[in-house]
Amino acid sequence: MLLELDDLVLRFAGNTVLENIRFGVAENSVASLIGPNGAGKTSLFNCITGFYRPQQGSITFAGEQLLKRKPHAVTKLGVARTFQNVRLFREMSVLDNVMAGQHCRSKAGAFAAVFALPSQRAEERRIREVCEDCLEFVGIADEADRIATNLAYGHQRLVEIARALATEPKLLLLDEPAAGLNSTEKSELVRLIRRIRDERGVSVLLIEHDMGLVMEVSEHISVLDHGRIIAEGTPQAVQADPAVIEAYLGQDEDELELT
Ligand SMILES: Nc1ncnc2c1ncn2[C@@H]1O[C@H](COP(=O)(O)OP(=O)(O)OP(=O)(O)O)[C@@H](O)[C@H]1O
Ligand SMILES: [Mg+2]
């Protein structure tokens, strides 16, 4: 396993958000984490990426313990993420947004990259090339110089994915990447996720409410409900699991596509 969580517990003021989570993501795979609103999915990402401090358990990634590491250190080890709500520097260019993510790989660091000395120009050129390559990879290279906030929403989500890829991760965490996308954009997202795995050798862990997309793209699915993993397995197995159907009862119609 590339990523392994064992006995993870997260509480806020006595409220248990994640309870004894055991969970893994295999090398070179696409896995999904699904579950009703408030189940704890984003909190799980926040634990993995060092934004939250779990009270108990372990998170092992490529042989390293992630627990107690700061977000930038987790990024440097090879875990990248996107956010449930798009987080871009709205007034900066698309390329600068992507470059802002890559600086964890820069020897000189973000400060030196901004106030570049001549000796650091080569480094900056390398960063720029990596970032342009990532924009090309997600299909928006021709928008590199545009101001981020002027892009169509679907393309803003692609900027976030490019920024995450620019950190040269081994694992990419996507929090609801299909939210707000139309059906054409969703099909393109499925293709992109597969290319991230196949062409970049990156494992993808997806949080997503669009069940059609989840079933199509995932090799493995884990279902979270009230902070517990209630089912996991292949898309077919999870879809037929009574505990999963039960967990989704009472959810919105359009999220109930488990047929
Ligand atoms: N920083 C925090 N402080 C207190 N409670 C929190 C915090 N972060 C999350 N929670 C609580 O943890 C629970 C799970 O929230 P989380 O955002 O992880 O759910 P989710 O599965 O991502 O839901 P959604 O599908 O709506 O995004 C919620 O009850 C939420 O209020
Ligand atoms: Mg969430």
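I looked up glutamate 4 first and found that its bridge partner in S2 is glycine 24. The two strands concerned, S1 (residues 3–12) and S2 (residues 15–25), pair in the antiparallel sense over seven bridges; I count two strands as paired if DSSP finds at least two bridges between them, and I take helices (H or I, at least four residues) and strands (E, at least two) as DSSP runs, numbered from the N terminus. In the hairpin of S1 and S2, with two residues between the strands, I noted that alanine 13 takes a positive phi near 45°.

I must keep in mind that this is a predicted model, in which local features need pLDDT of at least 70 and side-chain atom pairs count only at pLDDT 80 or more, while totals for chains, interfaces and linings use all residues. Residues are numbered from 1 along each chain as its sequence is written, and chains are lettered from A and ligands numbered from 1 in the order in which they are written.

Next I traced the open sheet, where six strands follow the order S6-S7-S8-S3-S9-S10 with mixed pairing. Strand S6 (79–81) and strand S10 (228–233) stand at the edges with a single partner strand each, so one side of each has no neighbour in the sheet. On average, neighbouring strands here are turned by 20° against each other, direction ignored; axes are lines fitted to C-alpha atoms, for helices over the stretch in contact, and angles run from 0 to 180 degrees between N-to-C directions.

Within this sheet I checked S7 (residues 171–175) and S8 (residues 203–207), which pair in the parallel sense over five bridges, with leucine 171 opposite serine 203 in S8. Helix H7 (residues 183–200) packs on the sheet and touches S3, S7 and S8, its direction making about 150° with that of S8; contact requires C-beta atoms, placed from the backbone, to lie within 7 Å.

At the S10 edge, I found that S9 and S10 run antiparallel, joined by five bridges, and that serine 222 stands opposite glutamate 232 in S10. These strands form a hairpin with two residues between them, and histidine 226 in the turn has a positive phi of about 45°.

Last, I turned to ligand 1, whose surrounding residues include Phe12, Val17, Lys41, Thr42, Ser43 and Gln84; a residue is near a molecule if its C-beta atom, placed from the backbone, lies within 6 Å of it. Helix H1 gives the most to this shell, with three residues.

How values were computed
Contact = placed C-beta atoms within 7 Å.
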